[in-house]
Amino acid sequence: MDFGDDIPEGSDNQRRRKRYHRHTPRQIQQLEAMFKECPHPDENQRAALSRELGLEPRQIKFWFQNRRTQMKAQHERQDNCFLRAENDKIRCENITMKEALKNIVCPNCGGPPIGEDFFDEQKLRMENARLKEELDRVSSITSKYLGRPFTQMPPMPSMSVSGSLDLSNKWVDFFPGIVSMAHTVDILVNNGSMTGRNETLIMMYEELHLMAPVVPTREFSFLRYCKQLEQGLWAVVDVSLDGQRDAPYGVPTSRSRRLPSGCLIADMGNGYSKVTWVEHNENEQTLPMNPLYRELVLSGAAFGAHRWLAALQRACDRFASVAALGVPQLDPSGVTPEGKRSMMKLSQRMVSSFCASLCASPMQPRWTQLNGAYEVLVRVSSHRAAEPGHPSGVVLCAATSIWLPVPGEHVFAFVRDENARSQWDVLSHGNPVQEVSRITNGANPGNCISLLRGVPSSQNSSMLILQESSTDAAGSLVVYSPIDLQAANVVMCGDDPSPIPLLPSGFVILPDGRRGAGGAGPSSSSAPLASSPGCVVTVAFQILASNLPSARLSADSVNTVNNLINTTVEQMRAALNCAGP
């Protein structure tokens with residue numbers, strides 16, 4: 001086919017004597033460039049090309065028609081080849097299974113192998129038809145949300161397993177306080193670039209949590225489409241598939257569905273971005289809701305767009321702090337920028353580990369409520385750790401959630417203040433602590449990473465405390481972990497902190513979700529809670545119950561951590577002048 005043939009007009013003799021006009025390489029090059037940007041040029045664009053290339057508008061019009069026809073035929077051939085390859089693959093697998101079954105002998109009776117009629121042609125046709133329906137369904141969904149037929153999509157380049165895992169790992173690392181788990185189920189469309197996500201369509205599974213053992217997680221399986229709409233404007237859109245049909249893709253059936261949600265990211269041109277976030281979910285509540293978190297969850301603040309934006313702002317502040325470390329500045333503690341980067345990397349792993357330890361997934365029930373004479377209800381869980389970055393042995397995690405009749409910012413200021421630490425930290429034995437190094441981690445002075453040591457230091461001169469505190473409009477977090485002096489020196493020198501074992505504990509401080517002022521604290525009834533300026537605090541500790549990964553959890557370890565949490569809560573209430581249940 002010769003693109004750009006001149007269409008003759010006139011009599012039959014003229015048609016028989018029609019002349020063919022072959023475009024020059026320059027004309028074809030410019031037409032191809034225009035086709036990539038706009039396959040359907042309007043009349044003004046065709047007129048401009050006509051003047052620029054010295055061609056008639058009708059020649060431009062028919063060249064684009066022919067080029068679109070050729071492109072459509074190419075994509076149809078590619079899709080047909082893909083379907084044939086998939087069909088051949090399925091047929092080969094069935095033949096292989098059929099041949100393998102011929103040699104099977106029953107281990108119980110020693111009977112003959114399975115007959116030829118076990119896998120007959122009719123069953124193969126039914127299986128292929130089912131797989132074809134699944135492929136058509138995914139193609140239809142893809143076309144719906146991309147706004148173009150599946151046959152017009154470019155062939156999908158291969159993506160490595162490490163690349164697909166990296167997508168979900170970054171999602172968890174960026175939002176550790178919201179996303180407890182995520183993985184990529186399938187990559188439907190990919191532009192071939194691992195650094196750019198423009199026009200990518202992936203199927204994902206994620207588990208969202210509230211960092212409290214009494215609030216079940218929410219599981220979503222959904223399609224995620226990323227596209228650059230125009231210069232300086234990007235969109236990330238999520239939408240769930242039919243929940244009853246997720247199982248064939250290895251995704252657990254979920255009681256939560258993500259209706260069209262996502263964010264718009266606009267470049268402001270001054271180093272800042274404007275983000276518009278939409279969360280539109282449908283959830284089926286099957287378990288009783290804990291009264292402490294009822295208002296927070298039902299108001300939408302627990303899993304809504306407000307919390308996502310607050311977490312995004314917090315993560316961006318962290319990245320800005322890392323970038324600022326490259327600017328020479330005087331540090332009274334003498335820590336180099338490399339040492340601060342290493343300290344921030346270690347602290348980020350500490351926070352992520354702490355957030356993950358508080359996951360309350362109903363798919364993996366692991367929290368057990370302790371019974372006893374204590375006023376505070378404590379839940380415990382244990383796991384065996386042997387991977388780098390964690391102490392080797394049996395780790396016991398204990399947590400409780402309490403309501404305090406004071407604003408959350410007051411509780412945050414209290415627990416992060418090193419001068420007040422001896423009032424609640426049982427392990428400090430009443431001794432004060434001193435801040436030896438500090439990294440600012442945002443505009444709020446409460447957002448920082450600190451290295452603390454006990455005073456007098458002679459009591460335990462080889463042990464320090466790494467602590468990170470952060471607060472935003474959605475809540476606050478204070479996480480800390482003991483590290484020895486040798487590990488602290490490794491960090492301060494700027495070396496890789498990955499092998500340093502951490503056992504983080506801390507506090508999650510969230511608003512109680514009620515508006516107004518006055519009223520009493522929450523009760524266990526199902527009625528709406530009275531209004532009061534209070535907050536809900538989750539207190540969590542992790543201890544190494546045994547150095548042996550194969551050891552069993554002892555009752556003494558459980559009693560120790562139970563007593564530790566109850567004493568901490570009692571001292572916090574006394575220090576904040578809100579003693580009592």
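**Group meeting: strand E14 and where to trust the model**

Okay, confidence to start with: in this chain it bottoms out in helix H1, residues 12–16, with a mean of 49, and it is highest in strand E16, residues 505–511, at 95. That's pLDDT, since what we have here is a predicted model. Across the chain the average pLDDT is 78, and 75% of the residues score at least 70.

Now the weak stretches. Residues 1–11 stay under 50 in pLDDT, and the model gives them 25 contacts beyond four places in sequence. Then there's 151–165, also under 50 throughout, with 27 contacts beyond four places in sequence. Where pLDDT is low, the predicted coordinates shouldn't be read in detail. So please don't lean on the individual contacts in residues 1–11 or in residues 151–165.

Right, on to strand E14, residues 463–472. How many of the ten residues of E14 are buried? Eight of them, so the strand is largely enclosed by the rest of the structure.

What does E14 pair with? One partner is strand E13, residues 448–454, which runs antiparallel to E14 over six bridges. If you want a spot to click on, Ser450 sits opposite Gln467 in E14.

Another partner is strand E15, residues 475–484, again antiparallel to E14, over ten bridges. There, Leu464 has Ile483 in E15 as its bridge partner. And the connection from E14 to E15 is a hairpin, made through two residues.

So, to recap E14: it has antiparallel pairing with E13 and with E15, and eight of its ten residues are buried. That's me done.

Methods. Residues numbered from 1 in each chain as written. Predicted model: local features only at pLDDT ≥ 70, side-chain atom pairs only at ≥ 80, totals over all residues. Heavy atoms only, no water. Buried < 20%, exposed > 50% of the residue type's maximum accessible area, 1.4 Å probe, protein only. Helix = DSSP H or I, 4+ residues; strand = E, 2+ residues; numbered from the N terminus. Pairing = 2+ DSSP bridges. pLDDT = per-residue confidence, 0-100. Contact = heavy atoms within 4.5 Å.
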